[in-house]
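User: I've got a model open and would like to go through its contacts and helices with you. Can we take it bit by bit?

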Amino acid sequence: MTSVATPAVTPSAGLAGRANDALSQPAISLADIARAHDVRFLLATFVDMTGKPCAKLVPVEAADELESGAMGFAGYAAGLIGQQPQDADLIAVPDLSSFTPVPFIKEGLAIIHCDPHVNGRPWPYAPRVILKNALARLDRKGMQAKVGAEVEYFLVKKNDDGTLSTADDKDDSPRPCYDARGVTRMYEHLTSISDAMNSLGWGNYANDHEDAAGQFEQNFNYADALTTADRVVSLRYILNILAEQRGMTATFMPKPFTDRTGTGLHFHLSLWSGADALFPAGDGKADDGKADDGGRGLGLSRLAYSFIGGILDHAPALQAFLAPTVNSYKRTGATTSSSGATWSPRKASFGGNDRTHMIRVPDNKRIELRSGDGSANPYLAIATAIAAGLDGVEKSIDPGLPSGPGESKPDAHFLPATLLHAVEALRKDPVILASLSGDPEIGAYYATAKEEEFLSWHNQVSDWEIRTYLTSI
């Protein structure tokens, strides 16, 4: 998103919910907005279920055609998005409020996030549509979600033998977290990303070296859930392109190095009713769900504890979206790393300001969901987490007392050991299976695709197998 758009944008209400032939014109057109920012080309963007950004490069002269629903995509070719070769085109319907000029990528270029439609209706398999449907369900209950995201990544280069190494050859310490020298050596890259985020009004407030050699994180302010998800997608694109321009590869792969900490995508979640924050406990005098039930000491309302309870109750199935790749489970299954910690939870626990838990409560205004990794699709991860938490609220699920530092309850769910285990948990969880646009068939489609992904990997003979079995018998 951008805070620099002038003149102001007035998108039409419910744009994504109208048929293509009935789209009403906003007060200011996409072409007007583009020309006001000296934009010559638009990346009309959406992501598939894996999070792959798909786009058409649209000249500003064709912005009216894009806005009127004339830009079609062959959905099956785009990726995992619920289509077959014979299906009707996906039509990219732009969300004008997401207009994001990116002159630091290419002069005159802007990103516009789109909601795919098919036959005049929002396509329920499209991740951005899925999140909007989840937020609409939340809104019907008088609540809105605000989300912050911690985007971690590695800067690497591929060697001639196919192996990976850190882009900075001097970044080889076993414990490089917060290293001032490593940050300084990557000054040009980090400051270019920071300048880009701040030029868009995202509020970048910190840029640091993370726990593994070659790993970084650049933080920005929280916002409403859809805005944050759009920003994660945009930031990944920006990181990829600007790193590539400097001869590096920015990767969000959860575990590119066996002996190093993996890459997380942590979400900070809170619920609101207008300007009223719903997670902090009240004075307990009113029966409004805001009393700190049970004196658990974290300053949270009953609603917040029920939201936590829902996430913990559905944690195994949620991992199919929070940790959606084969490689994800090399991170969550790790027992140690060169730094001495994995920073990755293995059980569905919650507690105070303790980073060993799946849910950390840093203060009484938010919770941090820590089991997601860099491969997570932000739209699906946020949508399914909201569905799980909302189920907890509707059922008044009690998560019990918070666990102590580094502890978990004996009956806490173990998080899945592999992607196949996560798929099995998803298939057994009707709430999460139906959390994608309210249709369990979409959840089943996703589960089948992820099972096939696991089996495709499993069917490959690895170097480990050669070393272990070649002469063992």
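Analyst: Sure. Keep in mind that this is a predicted model. A good place to begin is Asp169, which forms a salt bridge with Lys157, with 2.7 Å between the closest N and O atoms.

User: Which parts of the chain does that pair tie together, and how many residues apart are they in sequence?

Analyst: Asp169 sits in the loop between strand E9 (164-166) and helix H5 (180-185), while Lys157 belongs to strand E8 (residues 144-158). The bridge therefore ties that loop to E8, and the two parts are twelve residues apart in sequence.

User: Is Asp169 buried or exposed, and what about Lys157?

Analyst: Exposed means over 50% relative accessible area, and buried means under 20%. Asp169 has 54%, so it is exposed. Lys157 has 28%, so it falls in between and counts as partly exposed.

User: What does Arg181 pair with, and is that partner buried or exposed?

Analyst: Arg181 itself is exposed, at 59% relative accessibility. Its salt bridge has closest N and O atoms 2.9 Å apart, and the partner is Asp179. With a relative accessible area of 17%, Asp179 is buried.

User: How about Arg370 and Glu368: are they buried or exposed?

Analyst: Their side chains meet in a salt bridge, 3.0 Å from N to O. The cut-off for buried is under 20% relative accessible area. Arg370 is at 3%, so it counts as buried, and Glu368, at 1%, is also buried.

User: Which residues do shared salt-bridge partners join into one network?

Analyst: By the distance rule, the count for the model comes to 16 salt bridges. Where bridges share partners, they link up into one network made of Asp95, Asp115, Arg128, Lys132 and Asp230.

User: Now the inside. Which residues touch the most other members of the largest nonpolar core?

Analyst: As background, nonpolar side chains in soluble globular proteins tend to be buried together. The largest nonpolar core here has 126 residues. The two that touch the most other members are Leu42 and Ile311.

User: What touches Leu42, and where does Lys56 lie?

Analyst: Leaving out residues up to four places away in sequence, Leu42 touches Leu30, Ala34, Lys56, Leu57, Val58, Ala63, Leu66, Phe99, Ala110 and Ile112. Lys56 also has Leu43, Ala44, Gly72 and Phe73 among its contacts. At 32% relative accessibility, Lys56 counts as partly exposed. Its place is in strand E2 (residues 53-59).

User: And Ile367: what is its relative accessible area?

Analyst: Ile367 is found in strand E18 (residues 366-369). Beyond four places in sequence, its contacts include Phe267, Leu269, Phe279, Phe307 and Ile311. Ile367 is buried, with a relative accessible area of 0%.

User: Does the length of H7 agree or disagree with what its residue count should span?

Analyst: Helix H7 (residues 225-245) has 21 residues, and at 1.5 Å a residue these should span 30 Å. The C-alpha atoms at its ends are 30 Å apart, so the two values agree.

User: How many residues of H7 are buried, and what phi does Gly247 take?

Analyst: H7 is mostly covered, with 16 of its 21 residues buried. Just after H7 comes Gly247, with a positive phi of about 80°.

User: Where do Asn119 and Ser396 lie?

Analyst: Each has a positive phi near 50° and is a residue other than glycine. Asn119 is exposed at 65% relative accessibility, and Ser396 is exposed at 55%. Asn119 lies in the loop between strand E6 (109-118) and strand E7 (121-122). Ser396 lies in the loop between H11 and helix H12 (419-427).

User: Staying with H11, what does Asp391 touch?

Analyst: Asp391 is found in helix H11 (residues 378-395). At 6% relative accessibility, Asp391 counts as buried. Not counting residues up to four places away in sequence, it touches His314, Ile397 and Val431.

User: Last one: how much accessible area does the nonpolar surface patch with Val461 have together?

Analyst: Val461 is in the loop between helix H14 (440-458) and helix H15 (463-469), and with a relative accessible area of 65% it is exposed. It forms the patch with Ile466 and Leu470, and together they have about 320 Å².

Note on methods: Residues are numbered from 1 along each chain as its sequence is written. This is a predicted model: local features need pLDDT of at least 70, side-chain atom pairs count only at pLDDT 80 or more; totals for chains, interfaces and linings use all residues. Side-chain values use heavy atoms; hydrogens and water are left out. A nonpolar core is a set of buried Ala, Val, Leu, Ile, Met, Phe, Trp, Tyr and Cys residues joined through side-chain atoms within 4.5 Å. Buried means under 20% relative accessible area, exposed over 50%, partly exposed in between (1.4 Å probe, protein chains only). Contact means heavy atoms within 4.5 Å. Patches are made of residues with over 30% relative accessible area and no salt bridge: like charges are joined within 9 Å, nonpolar side chains (Val, Leu, Ile, Met, Phe, Trp, Tyr) within 5 Å. Accessible areas come from the Shrake-Rupley method with a 1.4 Å probe; for residues, only the protein chains shown count as cover. A salt bridge is a side-chain nitrogen of Lys or Arg within 4 Å of a carboxyl oxygen of Asp or Glu. Helices (H or I, at least four residues) and strands (E, at least two) are DSSP runs, numbered from the N terminus. The expected span of a helix is 1.5 Å times one less than its number of residues.
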